[in-house]
Amino acid sequence: MTIRTESRITIASSVDEVWAYVCDVGRWPQWAPTVLECWVRGGGPLQPGSRVDQRAKDLGRTHPRSQEVTAVEAPSYVAFAGTMGPSASRWAMELKPVDDRQTDAMMWIEIDLAGIMRAVPGLLKGSIQRVSDREMAAIKAAVESATRESAES
């Protein structure tokens, strides 16, 4: 059984600015509540086959987590694959220009439920949806704040 969530938001900034923020994995702790620290293994840019390593915190414990970059199509699409508990998971960010100063951003998450996670698909989906909606709002706030500060300088 696979569950999927989608969170969409319009960000008052260019696609290039949103892309730069989302692809700066060192800044993921600013918007992803379970990410304490994040880096590309071996350094370098995001590219297919790269590993993004994290120090994460969820369910009251801190642990390492790693995801593989599966696609990078600058500046519109970046995708990852990893695990969530015992389940295979995938997520991506899709960016489309509304105009030169606004971006339609959509994050989707898919989880192939396994083990105990199969017992509560509705609860799990609702929880993931709430977290991704908060993450998108945090990305919007951070990027728009940086855009305003650039315009004022």
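1. Strands β6 and β7 form a hairpin, with two residues between them. This is read from a predicted model. The two strands run antiparallel, and eleven bridges join β6 to β7, which spans residues 102-112. One pair to look up is serine 89, whose bridge partner in β7 is isoleucine 111.

2. Strand β6 also pairs with β5. Here β5 covers residues 77-84 and β6 covers residues 87-99, and the pairing is antiparallel over eight bridges. Valine 78 can be used to find the register: its bridge partner in β6 is methionine 93.

3. The turn between β5 and β6 deserves a look. This hairpin has two residues between the strands, and glycine 85 there takes a positive phi near 60 degrees.

4. Next, the largest pocket. About 860 Å³ of space lies in it. Its lining is made up of 31 residues, and those nearest the centre are Thr34, Asp58, Arg65, Met84 and Ile128.

5. Which elements give two or more residues to the lining of the largest pocket? They are α2 (28-31), β3 (51-58), β4 (61-73), β5, β6, β7 and α3 (121-152). The three strands of points 1 and 2 are thus included in this list. The largest share, six residues, comes from α3.

6. What is the lining of the largest pocket by class? There are 16 nonpolar residues, ten polar ones and five charged ones. Two residues named in point 4, Asp58 and Arg65, are among those nearest the pocket centre.

How values were computed
Residues numbered from 1 in each chain as written. Predicted model: local features only at pLDDT ≥ 70, side-chain atom pairs only at ≥ 80, totals over all residues. Heavy atoms only, no water. Pairing = 2+ DSSP bridges. Helix = DSSP H or I, 4+ residues; strand = E, 2+ residues; numbered from the N terminus. 1 Å grid on protein atoms, 1.4 Å probe; cavity = no way out; pocket = protein on both sides within 12 Å on 5 of 7 lines; lining within 4 Å. Points joined across faces, edges and corners; volume = space filled by probe spheres on them. Nonpolar A, V, L, I, M, F, W, Y, C, P; charged D, E, K, R; others polar.
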